[in-house]
Structure formats: structure tokens, C-alpha cells
Amino acid sequence: MQSPSMDSTLKKYFGYSQFRPYQKEIIKKVLQGRDCLVVMATGSGKSLCYQIPPLVVRKTAVVVSPLLSLMQDQVMSLQQRGIKAEYLGSTQTNKNALSDAEKGAFDILYMTPEKACSLSQRFWVNLLEAGICLLAVDEAHCISEWGHDFRKEYKQLHLLRDVLLNVPFVALTATATEKVRNDIVCSLLLREPQITIGSFDRTNLFYGVKSCNRSGSFLDELVTEVLKYSANAGSTIIYCTTIKDTEQINEVLRNAGIEAGMYHGQMGSKAREESHRSFIRDEVRVMVATIAFGMGIDKPDVRCVIHFGCPKSLESYYQESGRCGRDGLPSICWLYYSRADFGKAEFYCSEAHSENQRKSIMESFMAAQKYCALGTCRRNFLLEYFGERSASDCGNCDNCTGPKRERDLSRESFLLLSCIKSCGGRFGLNMPIDVLRGSRAKKIIENNFDKLPMHGLGKDNSSNWWKALGGLLLAHGFLNETIRDSYRFISVSPKGVQFLCTANTTQQKPLLLAVTTEMIEEEGVDSSQSKTGDHQSVTSFDSYGFTEAETKLYNMLVGTRMKIAKDNGTAPYAICGDQTIFKMTKIRPSTRARLANIDGVNQHFVEKHGSIFLETISLSSHELNLELDCVGPTVHIQSSAPKALQQVSQRKPAAAKIEAWKMWQNNGLSFREIANSPGRPAPIKEQTVISYILDAARDGCEIRWARFCEEIGLSVDIALQIEMAISKVGARDRFKPIKEELPENVTYDMIKAFLTMEELGLSVKQTLTGTSSDGQTETTGGMEQHHRCVESPPKKLQKVDEQGLASLSASEATEDAIMEWVRSHDGVSLEDTIRYFGGSKKDSVIGLLDYLEGEFLLFKKNDLYIVM
Ligand SMILES: Nc1ncnc2c1ncn2[C@@H]1O[C@H](COP(=O)(O)OP(=O)(O)OP(=O)(O)O)[C@@H](O)[C@H]1O
């Protein structure tokens with residue numbers, strides 16, 4: 001029997017019609033038997049890379065995962081998709097699990113590293129005989145002592161290589177430095193692995209920081225914040241740095257009538273399990289926890305993660321906040337810190353075993369402090385910390401969305417820098433600040449600092465205000481901070497010295513700096529209003545564009561999902577994701593086919609729960625006076641910026657993009673003509689036009705790809721060379737190294753076009769020659785592939801050649817005939833199918849297509865029917 005395709009497997013089991021970046025190519029490599037190392041952000045969809053192959057080749061995938069609770073959740077979700085998944089571990093109650101596993105009864109088999117290393121040789125030999133397609137090592141950074149979750153059992157996994165001789169190993173992690181990556185490759189003995197490194201940018205997450213004084217009013221604000229998400233049926237995790245804080249916040253929430261779960265290391269394992277269980281099942285919407293609650297959570301619909309206290313490093317902050325919005329919906333990460341948190345360096349350093357380790361802990365902690373004190377784009381800061389560059393500010397963090405609060409701080413900066421310089425770089429920030437504020441403490445007198453000209457000149461601002469300014473000057477490179485013998489020393493950097501040289505006590509060059517919330521608060525102005533107001537819509541229903549009636553329908557569907565989950569003893573997210581409920585609310589399908597066509601709806605869901613959802617939609621829509629079967633593709637909420645912000649910040653580029661796209665696609669102008677078009681205030685670069693049109697394609701606009709490739713000179717040959725270069729470099733977004741692997745004549749535009757086409761599931765070869773990847777010539781001949789534009793009226797997507805249609809135009813539609821017709825075309829439009837079956841009535845052809853789609857015998861991708 002022929003193996004199902006990757007696309008049909010994705011739709012059948014996961015309900016998605018498009019692979020995310022990198023997924024398809026990693027899966028292809030695994031299917032070719034190649035070892036892979038996958039370093040991609042949390043929530044980017046790494047799991048699919050090992051979950052799809054077993055379903056395509058019908059052999060077991062073994063997945064080594066560090067935590068039993070995580071495995072159980074993953075198995076639960078997979079089973080709800082109709083996938084045979086199981087785990088081996090101490091909490092397994094199915095006595096036959098082991099013997100079934102070695103007979104190859106499962107598609108996906110999870111186990112801990114300890115289990116994997118303790119299973120008998122016999123087990124592995126039997127499983128090999130039954131069929132094993134890969135061994136995945138999830139959270140692979142646990143292999144490395146440099147990683148933050150070292151597990152020594154992971155170090156033994158290479159022993160399995162002696163038994164599983166030709167089985168590809170796939171290592172996956174969300175965070176890995178080069179050192180950790182090398183450790184993973186060496187320890188698992190990966191052979192010429194395909195290394196894929198994705199972006200760390202989690203575009204759907206809003207990042208924000210608030211300074212707090214831990215007072216009652218601050219806790220009130222926290223409660224208001226939490227209520228906002230739970231009222232919208234969203235889950236929140238509050239991470240605390242100590243068990244004491246965890247208990248206190250839990251108490252505060254309880255007093256405010258918010259039921260919250262709690263999770264920390266001093267609770268018994270039963271109590272922790274119960275907390276975990278009720279959170280993932282949405283029985284409680286809020287979890288207050290120490291970071292012990294982290295890696296073991298697979299819940300994709302956490303809408304808000306709040307850190308109460310400055311985290312110990314940006315690595316851990318990125319990981320913990322990364323638990324938020326894994327389903328790609330807009331979600332929020334807040335960090336609440338107080339100045340007192342910065343004194344905790346010693347506490348974190350107690351974990352150190354050597355002076356070097358101590359230094360590295362301090363440095364990590366200092367980076368986290370810098371993040372708190374930042375007045376500029378937070379996402380860019382995080383990305384740069386992880387070695388990624390970004391051309392512009394994100395527009396989706398508090399500093400980007402808040403009112404621009406740049407101020408000329410040249411005088412204050414001059415005072416602080418010159419005072420630090422005068423103190424000789426022998427102290428931290430406290431001493432120069434005390435001098436500025438006119439302190440006559442013993443140490444100041446002893447050092448004669450009271451004689452300095454700036455002594456007492458900074459009285460007007462509080463000590464914390466000056467510390468916040470110090471943080472800003474550090475972040476902007478005017479100051480350096482170093483650690484010696486666990487003490488922190490502050491000194492003026494060359495940039496700071498340069499600033500001092502051009503100024504004196506009375507005159508300085510303007511120095512515009514964005515003041516932080518903390519500075520504003522210290523000045524006695526309540527900044528919270530403007531700050532929180534900006535992001536309010538990020539996770540509220542109006543950011544989904546819901547009407548009041550739709551909000552009601554959404555809540556009813558959430559209720560239906562909850563009931564089904566309870567009846568099935570599972571978590572609501574395992575039944576279907578929020579994104580799918582959102583789309584059901586907007587589209588309001590009336591038939592199985594229309595339901596099946598929704599992104600995220602898989603075969604198991606339609607078969608098991610389709611009728612109850614269809615019934616709820618039909619009845620409730622009737623009651624709420626909502627139309628059924630609305631047009632779906634315009635429903636798109638991947639973007640995460642707050643609504644108001646989206647409107648403002650996207651207006652300009654979107655308009656320019658669409659204008660360029662229309663000129664190219666509809667008016668037939670060349671890139672050069674568009675770049676120099678007379679209506680433009682100033683000419684733009686041809687490359688800018690090309691990137692506008694590629695962006696428009698990614699946004700869903702229809703593109704004549706063959707013409708596009710021709711115009712930029714992208715041939716099949718060049719496409720092959722690009723593919724090889726990417727594979728050599730091992731990353732798709734590192735344009736420069738890819739370009740360096742290629743001959744001079746291959747341009748950046750060609751590389752970008754190639755990648756965009758891949759992202760959209762199009763092949764250059766197929767586009768230019770009309771030949772599918774397996775070498776078969778399609779009946780579409782040289783027809784161009786189109787990608788649908790959500791803004792333009794629906795167009796014919798793919799034409800079958802006129803002769804073929806004419807000669808067969810009298811065909812009569814039956815289930816078999818339609819299946820045969822679609823099978824022979826690898827993607828065919830509704831229009832062409834109706835024309836082909838000219839011997840039957842249009843309605844009966846549509847009815848049969850609907851039936852076949854509802855039964856998951858056909859599925860639609862880019863509005864073309866494809867055989868499942
Ligand atoms: N091609 C896709 N289209 C739409 N959604 C997808 C796709 N692939 C994965 N997802 C969804 O994205 C979410 C996160 O995926 P997944 O759990 O695989 O991420 P991950 O990279 O393994 O994250 P983590 O590092 O947290 O384990 C899941 O809800 C998953 O169903």
C-alpha cells in the first residue's frame with residue numbers, strides 16, 4: 001500500500017493544512033533516515049517533526065522525554081487525535097503496555113531516559129523487527145552539563161545506537177548555545193546531522209515589565225490583571241522566586257475570590273500532581289508556582305505568564321515565559337520586579353561550585369536586571385541576547401506601545417557619569433548615588449567624596465530614580481559593570497567618557513533616553529494607567545473582532561469542549577485548540593465538510609465530536625441571529641500586536657505592500673517600473689518592491705509565481721543550488737552564509753523567493769515545469785500555481801487544460817469517479833471539477849465533494865481538493 005503523503009497526514013491527524021517553517025524539510029530528512037538536531041523556539045511545532053514520520057511510514061517512533069507528567073499529557077493529546085500513543089513509566093497502569101510496545105502496536109511510544117536505558121536488548125530487537133522509524137530525544141539540552149537542566153541519564157542514550165543501528169536519531173530543544181549543541185551532537189553520536197536552527201522570536205507574545213514595591217496597591221493591580229484573563233477563559237501562570245511569595249500570592253488571589261492552583265517543591269508529589277491536573281483541565285485558571293512548574297507543562301493555551309520577581313537569568317525567563325501562547329494566539333508576558341530583587345545575586349550564587357560558575361551566574365543575573373531597566377524594545381534586547389538581529393522595533397512590548405517617553409537626560413547623565421568617574425570605579429552604583437544625593441555617611445567623608453563638586457547636586461531625585469538611570473546608562477553602553485570576587489563594580493565606558501568630554505556641569509549635548517516606568521513612578525506620576533491600557537485588547541475578545549453575539553457563541557463552544565473533555569477524562573485543549581474554537585465561531589459551519597475544512601479540525605474530532613459541535617453551532621447561531629457558513633479565510637489572528645497598535649503600525653507597510661502587489665499582479669508592471677513609478681514621492685529600491693510582494697504572498701495574496709521566478713531569474717537549476725546551500729548551512733534564516741555557499745549570480749532576492757515559496761508549500765520545479773516532485777507531469781501543463789489572496793475576490797485557482805476537459809465533459813459524478821478525478825490531478829479546483837463532471841448537476845457534484853471531505857477521503861489545501 002502506498003504511504004500517505006505528509007500533507008494528508010498533517011490534515012488527517014492534526015487538522016492543519018500548512019506546515020510551519022522548517023517542519024516539512026526536517027520530516028523529509030528523518031524519512032530519509034538522516035540524524036537531525038532541531039533547535040527551535042518553544043511552541044514552534046518541534047513535536048510534529050517526530051510525530052508525523054511514524055504516521056506516514058506506519059512504524060513506531062520512540063520519544064525520550066524527561067518528565068512523566070509531560071509524557072502523560074502528550075499521550076493524552078495524541079490519543080484525542082486518533083493516534084496510537086503510549087508511554088512506559090512507573091505510573092503506567094496498562095499491564096500490556098510493554099509487550100504491546102515491543103510488538104510495534106503504537107505509533108508513538110514515550111519513555112524517560114532511565115527507562116530507555118534499562119529496557120532489555122530483547123525489547124529493542126523485537127521492536128526493531130516490528131518496525132521503528134526514529135528515536136527522538138526531546139529537551140535534548142538535558143544532555144549537556146552546560147545546559148540548565150542537566151540529567152545524567154541522558155548521557156547514556158548513545159548506548160542505544162549499538163542496537164538501533166540504522167534508526168535516525170532526532171534531538172530537539174528550544175534553547176541551546178553552540179557549546180550545548182556540540183555536546184548534544186557528540187553525546188548522541190549523531191552522524192552528519194541535519195542541523196536546523198530556527199528563530200527565537202515568539203511574535204505572538206507581548207513583553208512588558210513593571211516595577212513594584214510589593215505593597216497592597218501593587219497586589220491589587222496583580223489581581224486586576226489576573227481577573228482580566230480568567231474572565232476571558234484564559235489561563236495564567238504566576239511564577240514566584242520563593243515558596244513564601246508563592247503562598248502569599250495564592251492567599252491574596254484566594255481572598256479576592258480567584259481560585260488558583262499552587263505548585264512548589266515543598267508540596268507533596270500527590271498535591272503537586274493534583275494542582276497540575278486541575279490546571280491543564282481548566283478546572284483552575286490560575287497557577288501560582290515556583291519555576292519547579294515549567295518543563296512539565298504541555299498546555300498550549302496559557303494566555304498570560306507573570307513573573308513576580310526578577311528571574312535569575314534571561315535564559316530561564318525566555319523558557320518560562322515561553323510557556324505562554326504556544327498555540328500562536330496573542331498572549332502576554334509580564335515581569336514585575338522590585339529593586340530589592342536585585343540584591344538576590346548572593347542567593348543565586350549559592351548554587352555555584354566554582355568561582356567561574358559564580359561569575360557566570362552573576363553575569364546572567366545582571367542581564368536579567370538590564371532587561372528590567374530597559375527603556376527600549378524588549379523583544380530586540382531578548383533576541384540580541386540570544387544572538388539574533390532585528391532590523392526594527394517590535395511594536396509589541398510595553399516600551400514600543402507605551403507613549404514615547406523620551407526625555408533629554410543629559411544633565412542627570414552627566415552628573416551620574418562624572419560622579420562614578422570621580423569615585424574611581426571602585427564601587428557599585430550605591431556610593432556615587434549617595435554622593436549625588438548629598439549623603440555625609442562615614443565612608444563618604446573618609447573618601448573625601450563630600451568635597452566633590454557634584455556632591456548633593458542630585459537631591460531632587462530619589463535613590464531608586466538614580467539607580468534606574470544607572471540601568472539605562474548601562475543598557476545604552478555609557479557604563480560598564482564588572483564582577484570581581486563576587487562584588488559588582490561600575491565604571492564609565494569609553495562611550496561614557498566621550499560623552500563627558502563634550503560636556504561640563506552647565507552645558508551638555510542633548511541625550512535623549514526613554515525613561516522607565518520606575519523612574520516615572522519615583523517622580524510621583526502614576527504610570528500604570530497608560531501602560532496597562534495599551535495592551536488590554538491583546539487577549540480580550542475584541543482583539544478577535546468578535547461581535548457580542550459571537551462572544552456568546554464562543555463561550556458556548558468553550559462550554560461544549562469542556563463538557564466533552566470531562567466526559568472523556570481529558571484536558572479541553574486535547575479536544576481542540578482555542579484557535580479552532582475561534583474559527584468555528586467565525587465560520588459557523590453547517591456541514592461536516594465545512595467543519596472538516598477548518599484549520600485544526602482533524603478526522604478523529606469530526607468523527608467523535610463533529611455532530612455535537614455542529615448541533616451547538618446550528619442551535620446557538622439560530623438563537624443569536626447569526627448566519628451560518630460564513631467565508632473563512634479572512635479569519636486570521638496569528639498577529640499578536642494589540643488591536644489599536646496593529647491598526648496604526650501596520651497601516652503604512654501594508655498599504656505600500658498591497659499597492660506594489662496590485663501594480664505587479666494586476667497591472668503587469670515590472671519590479672523596476674514599480675520602483676520608479678511616477679506616483680511615488682521618491683523612487684524605492686527594486687529589492688524593496690520584491691520583498692513587498694513576497695510579504696504580500698505570505699499574507700495570502702495571489703501571485704503568478706512562474707512570472708515572478710522568471711523576472712528575478714530564479715531557475716530550477718538555481719533553486720537546486722539554493723536547496724543544497726541551505727542544507728549545508730543547516731539554517732534557513734542565515735542568509736549571508738547561504739549566499740556565500742552560492743555562485744555570484746545567485747542573488748538574495750532569489751534566496752528569499754525560494755524560501756517564501758517553500759514556506760507556502762510551492763516548489764520552484766513544479767511551478768516552472770509543471771512537474772511534481774516525484775517526476776510526474778501534471779495535467780496542468782505549464783499552468784501557474786497561485787496562492788490565494790484573502791483581500792481579493794475568489795479567483796480560479798488552478799485550471800485543468802481545456803482539451804482534457806472538453807474530451808471528458810460528459811462524465812457523470814459518483815464517489816469513485818470524483819476520487820479518481822482528484823487523484824489524477826494532485827490538487828484540483830471546485831470549478832474544474834464541476835466542469836469536468838458536466839454530465840451531472842452542479843449541486844450533486846458539490847454534495848459528493850462535501851461528503852468526501854467530511855469523511856476525510858479528500859481535503860482542501862489552498863482551495864484545491866487533494867486525496868487524503
Ligand atoms: N503546522 C502547524 N500548523 C498549526 N499549528 C501547529 C503546527 N504545528 C504545530 N502546531 C501547534 O503549535 C503548538 C505548539 O507545538 P509543539 O508542542 O510541537 O511545540 P514545541 O516546539 O514542541 O514546543 P515546546 O518546546 O514547548 O515543547 C501546538 O498546539 C501544535 O498543535
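Select residues 547-627, where UniProt, in an unreviewed entry, places the feature "domain: HRDC". Keep in mind that this is a predicted model. Over residues 547-627 the chain is 74% helix and 0% strand. Now pick the end C-alpha atoms of that range: they are 13 Å apart.

Zoom out to the whole protein chain. Its secondary structure comes to 40 helices and 19 strands. Of its 868 residues, 44% are buried. Turn to the contacts with a separation of 6 or more: residues 24 or more positions apart account for 72% of them.

Next, select α11, residues 269-280. This helix has 12 residues. From its first C-alpha to its last it reaches 17 Å, close to the 16 Å expected at 1.5 Å a residue. Which residues of α11 are buried? Show Arg 272, Ser 275, His 276, Phe 279 and Ile 280 as sticks; these are the buried ones. They sit on the same side of α11, because they cover an arc of only 120° around the axis.

What do the buried residues of α11 pack against? Add α4 (68-79) and three strands to the selection: β9 (235-240), β10 (260-263) and β11 (286-289). Then step past the end of the helix. Asp 282 follows α11, and its phi is positive, near 65°.

Last stop: the ligand. Select its shell, and 18 residues surround it. The closest are Tyr 16, Gly 45, Lys 46, Ser 47 and Pro 300. Color the shell by residue class: it divides into six nonpolar, eight polar and four charged residues.

Terms used
Residues are numbered from 1 along each chain as its sequence is written. This is a predicted model: local features need pLDDT of at least 70, side-chain atom pairs count only at pLDDT 80 or more; totals for chains, interfaces and linings use all residues. Helices (H or I, at least four residues) and strands (E, at least two) are DSSP runs, numbered from the N terminus. The expected span of a helix is 1.5 Å times one less than its number of residues. A residue is buried if 20 or more other C-beta atoms lie within 10 Å of its own, exposed if 12 or fewer, and partly exposed in between; C-beta atoms are placed from the backbone. The arc is that of the directions from the helix axis to the C-beta atoms. Two residues are in contact if their C-beta atoms, placed from the backbone, lie within 7 Å. A residue is near a molecule or strand if its C-beta atom, placed from the backbone, lies within 6 Å of it. Ala, Val, Leu, Ile, Met, Phe, Trp, Tyr, Cys and Pro count as nonpolar, Asp, Glu, Lys and Arg as charged, and the others, Gly among them, as polar. UniProt positions are given in the numbering used here, feature names are shortened, and annotations may be inferred rather than shown by experiment.
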